[in-house]
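Biologist: I would like a close look at a single part of this model, taken slowly and with the geometry spelled out.

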Amino acid sequence: MFRRRSEFLIRVTWADFASSEPEFASSVRDRFESHRHGVIATLRRDGAPRLSGIETPIRDGRLWLSMETASRMAQDLRRDPRFSIHSAPDHEDLSQGDARVEGRVAPALDSEYALFVRGHRFPIEDTSAMALFTTHITRVVLVRVEKPSLLVVSWTPDGGMKVTRLP
């Protein structure tokens with residue numbers, strides 16, 4: 001079980017989450033990998049949400065966020081590291097579910113760029129225009145329809161798993 005320390009969260013990586021709840025992590029990962037892109041919410045300077053498309057690779061025990069250095073998304077994350085990423089639902093009936101991962105980002109270390117590039121789906125030769133972040137997870141949610149109910153499964157580092165069925 002992970003605990004809060006004063007106002008700072010212990011850094012929970014994808015590997016930490018997957019180790020804590022392997023079946024749930026696998027289901028969430030499947031949702032994100034069912035499409036090339038998800039949707040990320042960041043916070044604009046005025047506090048309003050900004051939604052953007054983003055690839056969400058999960059490799060080497062990390063959920064990575066990569067974007068152009070000068071993008072609004074990168075500017076938002078440098079100013080306020082909070083994010084929420086949503087998977088793309090496959091079917092209107094949500095039988096496979098809709099996944100969400102919330103957390104905070106940290107700029108990747110120079111040494112992590114090589115790790116990210118090595119596993120990327122296409123060659124990246126120049127990382128100078130890339131902003132790369134690793135994520136620290138604060139909440140994971142999977143919502144799906146299991147007739148006749150809506151099933152909401154969530155996990156937080158300090159609260160563990162919670163399952164709610166809504167009629």
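How many aromatic pairs does the structure hold, and which residues do ring pairs link into a cluster?

Modeller: This is a predicted model, and the structure in it holds four aromatic pairs. A pair of aromatic rings is described by the distance of the centres and the angle of the planes, and I shall give both values for two of the pairs. Phe17 and Phe24 form an edge-to-face pair, with 5.8 Å from centre to centre and 85 degrees between the planes; this angle counts as edge-to-face because it is over 60 degrees. Both of these residues, Phe17 and Phe24, are buried. Phe17 also pairs with Trp155, here in a tilted arrangement with 4.8 Å centre to centre and 50 degrees between the planes. That second pair links distant parts of the chain, since Phe17 belongs to helix H1 (residues 14-20) while Trp155 belongs to strand E10 (residues 149-156), the two being 138 residues apart. As for accessibility, Phe17 counts as buried because its relative accessibility is 0%, and Trp155, with a relative accessible area of 1%, is buried as well. Taken together, ring pairs link Trp14, Phe17, Phe24 and Trp155 into a cluster. Turning to the backbone beside strand E10, the loop between strand E9 (130-146) and E10 contains Pro148, and the peptide bond leading from Lys147 to Pro148 is cis, with omega near 5 degrees. For context, most peptide bonds are trans.

Terms used
Residues numbered from 1 in each chain as written. Predicted model: local features only at pLDDT ≥ 70, side-chain atom pairs only at ≥ 80, totals over all residues. Heavy atoms only, no water. Phe/Tyr/Trp six-rings, centres within 6.5 Å; stacked < 30°, edge-to-face > 60°. Buried < 20%, exposed > 50% of the residue type's maximum accessible area, 1.4 Å probe, protein only. Helix = DSSP H or I, 4+ residues; strand = E, 2+ residues; numbered from the N terminus.
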